[in-house]
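Me: I would like a close look at a single part of this model. Take one residue as the way in, then work outward to what surrounds it.

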Amino acid sequence: QQELSGVAAHSVSVSFTPMLAPMPRGILAICTGKATDECSADSVRDAVASTYQDEPFVTVLPEGRMPKTASTFGSNLVELQTAFDPNTQRASVICALDNLGKGAAGQAVQNANLMFGLEETAGLLLTGVAP
């Protein structure tokens, strides 16, 4: 922040998210956005939890537990976690999913189920292959 602010001639905030992801398949995404002044870690978590509370394939993990692609491998599941950096006023949602399950075939089956009036979860795994 110090060096970038000096070069830019104004204050610069930096949000640094290093990631090491050795995985055979899956998507691990960190989506961030600038938050309002009223935002807090609790309000970010509450907003995500209430949005997905009735979604059978989405799990908002307990605080302190991060999403893992291994947990969603072979399924139509999505794991979410939230974070908030008050220094930069950035809210983040971390998401893990199987790109061949939820990211492709599983999502197509889920959509077809809804289109044809079937149970949304019909024919789809509610647990991943890995423990």
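Is Arg65 buried, partly exposed or exposed, and what is its relative accessible area? Please go on from there to the strands, the cores and the last helix.

Reply: Arg65 is partly exposed, with a relative accessible area of 39%. Keep in mind that this is a predicted model.

Start with the partner. Arg65 forms a salt bridge with Glu79, and the closest N and O atoms are 3.8 Å apart. Arg65 sits in the loop between E2 and H3, while Glu79 belongs to strand E3, so the bridge ties together parts that are 14 residues apart in sequence. The two ends differ in cover. Glu79 counts as buried, at 8% relative accessibility. Arg65, at 39%, is partly exposed.

The count of salt bridges comes to two. The other pair is Glu63 and Arg45, whose side chains meet at 4.0 Å, N to O. Glu63 lies in the loop between E2 and helix H3 (69-72), and Arg45 lies in helix H2, so this pair ties together parts 18 residues apart in sequence. Here the acid is the exposed end: Glu63 has a relative accessible area of 63%. Arg45 counts as buried at 15% relative accessibility.

Now the frame around these pairs. The protein chain has four helices and four strands. From the N terminus on, the order is α-β-α-β-α-β-β-α. Of the 131 residues in the protein chain, 31% are buried. Among contacts with a separation of 6 or more, 57% join residues 24 or more positions apart. The accessible surface comes to about 8,200 Å², and carbon and sulfur atoms hold 58% of that surface.

Next, the interior. In soluble globular proteins, nonpolar side chains tend to be buried together. The largest nonpolar core here has six residues: Val48, Val58, Val78, Leu80, Cys95 and Leu97. E3 and E4 are the elements that give two or more residues to this core. A second core lies apart from it, with five residues, among them Ala35, Cys39, Phe84 and Ala91.

Val58 shows how the six-residue core is wired. Beyond its neighbours within four places in sequence, Val58 is in contact with Tyr52, Val78 and Leu80. Val78 also serves as a reference point for the loop before E2. Glu55 lies in that loop, between helix H2 (41-52) and strand E2 (58-60). Glu55 and Val78 are 23 residues apart in sequence, with their C-alpha atoms 9.9 Å apart in space. Glu55 counts as partly exposed, at 35% relative accessibility.

Move to the turn from E3 to E4. Gln89 lies in the loop between these two strands. Its relative accessibility is 16%, so Gln89 counts as buried. The backbone deserves a check too: phi of Gln89 is near 55°, a positive value in a residue other than glycine. Not counting residues up to four places away in sequence, Gln89 touches Gly33, Lys34, Ala35, Thr36, Asp37 and Phe84. Two of these contacts lead back to the five-residue core, which includes Ala35 and Phe84.

Last, helix H4. Strand E3 (78-85) and strand E4 (90-97) are part of what covers its buried residues. Those buried residues are Gly101, Lys102, Gly106, Gln110 and Asn113. The helix is not straight: H4 bends by about 45° at Gln107.

Past the end of H4 comes Gly117, with a positive phi near 75°. Leu118 is also found in the segment after helix H4 (101-115). Leu118 is partly exposed, with a relative accessible area of 49%. On the surface, Leu118 joins Met115 and Phe116 in a nonpolar patch. Together the three have about 400 Å² of accessible area.

To pull the threads together: Arg65 reaches strand E3 through its salt bridge with Glu79. E3 and E4 supply the largest core with two or more residues each. Both strands also help cover the buried residues of H4.

Definitions and conventions. Residues numbered from 1 in each chain as written. Predicted model: local features only at pLDDT ≥ 70, side-chain atom pairs only at ≥ 80, totals over all residues. Heavy atoms only, no water. Patch = residues over 30% accessible without salt bridge, like charges linked within 9 Å, V, L, I, M, F, W, Y side chains within 5 Å. Areas by Shrake-Rupley, 256 points an atom, 1.4 Å probe, with all protein chains shown as cover. Buried < 20%, exposed > 50% of the residue type's maximum accessible area, 1.4 Å probe, protein only. Bend = angle between axes of the 7 residues up to and from the residue. Contact = heavy atoms within 4.5 Å. Core = buried A, V, L, I, M, F, W, Y, C linked by side-chain atoms within 4.5 Å.
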